[in-house]
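Take a look at the fold below. This report walks through its annotated spans, its overall build and its helix contacts.

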Amino acid sequence: MEKFELMTQGGRLLRGRLFNASEARSVVVVAGAMGVPQGCYEKFAHFLCEQGHNVITFDYFGTGESLQTPLRHCQTNISDWGEEDCTAIIRFARDYFPGLKLQWIGHSVGGQLLGMIPAVNQIDQAITVASGSGYWRENSPPTKRVAWLLWYFIAPLSVPLAGYFPGARLNMVGDLPANVMRQWRRWCLNREYAVGAEGEAMRARFASVTVPITSVAFSDDEMMSRRNIESLHSFYQNSPRTMIRLKPADIGEKKIGHLGWFRERYRDSVWAGQLLPLLQ
């Protein structure tokens, strides 16, 4: 594994990690979930590398290793992550590994961002994992019970006071730039999520995606319900879509959840048994 830095077209510095396979058959970009640093996916990346795939992980601007200023001074939102950060990562992957198949594994928001990347159709295949719309009234019950408190009270009060969302102290999601949290709140309060909140231009961008998408979801996801997941993927109306919903018991597990699958205990059941065949 080697670390790298790259600059987006807008002058944002991103930090990522590159895992080189000895005889690579493809390059896989792992785009993480909201508030989850790239280091959490490192063991999964090593596994894919052992199976013959070059892997790129990265932190969105304003998070993890891609945070260079005090968080309250960081001006970015989720749309910028797609337009700037993900575009730069795709360009890097294409330039660094010319001729290799480019595949995308997007966890949660990493799957949502496909609809916000101008260069998205340079990807050959996308796999979304536990990725849904985020509309709070359709969240799974454990999240739905507290989501109203987050969106109507905690976020509107804490962001102006701190200058960012102090999620680490609140034990919610993690620390996030203020505009990320403001935009995410607007989306989660809208039945059609980002498409509904941002209007027809965003709807058209999602509709412009033609990359084949396979959605992998877990029945015990405590955040994303079946409806959340189906709703998000319906916006990719011009992409060939395959929907896979796994019950933990069906693959020999007791639980997986929203944030479980990238842990090494799922190496055989999820990594090798479910995700790896989709990359071949």
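## A span named in the record

In this predicted model, residues 146-165 are 85% helix and 10% strand. The end C-alpha atoms of that span lie 17 Å apart. Why pick out this span? UniProt places the feature "transmembrane region" at residues 146-165, in an unreviewed entry.

The record also names a domain. In an unreviewed entry, UniProt lists residues 23-225 as "domain: Serine aminopeptidase S33". Over residues 23-225 the chain is 41% helix and 18% strand. The end C-alpha atoms there are 39 Å apart.

## The whole chain

How many helices and strands does the chain have? There are 10 helices and 10 strands. The radius of gyration is 18 Å, and the globule rule gives 19 Å for 280 residues. Those values are close, so the chain is as compact as a globular protein of that length.

Now picture a box along the principal axes. The C-alpha atoms of the chain fill one of roughly 50 × 45 × 35 Å.

## Helix 4 against helix 6

Helix 4 covers residues 141-162, and helix 6 covers residues 178-188. Their axes come within 11 Å and cross at roughly 160°. An angle over 145 degrees counts as roughly antiparallel. Helix 4 and helix 6 are therefore roughly antiparallel to each other. The crossing is left-handed.

Which residues of helix 4 and helix 6 meet? Helix 4 brings Leu-150, Trp-151, Tyr-152, Ala-155, Pro-156 and Val-159. Helix 6 brings Ala-178, Met-181, Arg-182, Trp-184, Arg-185 and Cys-188. By class, this contact has 10 nonpolar, no polar and two charged residues.

## Helix 2 against helix 6

Helix 6 also packs with helix 2, which covers residues 78-96. Here the angle is about 110°, and the axes are 7 Å apart. Angles of 65 to 115 degrees count as roughly perpendicular. Helix 2 and helix 6 are therefore roughly perpendicular to each other.

From helix 2, the contact uses Ile-78, Ser-79 and Trp-81. From helix 6, it uses Val-180, Gln-183, Trp-184 and Trp-187. Five of these residues are nonpolar, two are polar and none is charged. Trp-184 of helix 6 takes part here, and Trp-184 also meets helix 4.

## Helix 1 against helix 10

Are helix 1 and helix 10 parallel or oblique to each other? Helix 1 spans residues 42-50, and helix 10 spans residues 267-279. Their axes come within 11 Å and cross at roughly 55°. Helix 1 and helix 10 are therefore oblique to each other. Helix 1 passes helix 10 in a right-handed crossing.

Helix 1 offers Lys-43, Phe-44, Phe-47, Leu-48 and Glu-50 to the contact. Helix 10 offers Arg-267, Trp-271, Ala-272, Leu-275, Leu-276 and Leu-279. The contact of helix 1 with helix 10 has eight nonpolar, no polar and three charged residues.

Definitions and conventions:
Residues numbered from 1 in each chain as written. Predicted model: local features only at pLDDT ≥ 70, side-chain atom pairs only at ≥ 80, totals over all residues. Heavy atoms only, no water. Axes fitted to C-alpha atoms, helices over the stretch in contact; angles between N-to-C directions. Helix = DSSP H or I, 4+ residues; strand = E, 2+ residues; numbered from the N terminus. Parallel < 35°, antiparallel > 145°, perpendicular 65-115°, else oblique. Left-handed = near helix turned anticlockwise from the far one by under 90°. Contact = heavy atoms within 4.5 Å. Nonpolar A, V, L, I, M, F, W, Y, C, P; charged D, E, K, R; others polar. UniProt positions renumbered as here; feature names shortened; annotations may be inferred. Rg over C-alpha atoms; globule rule 2.2 N^0.38 Å.
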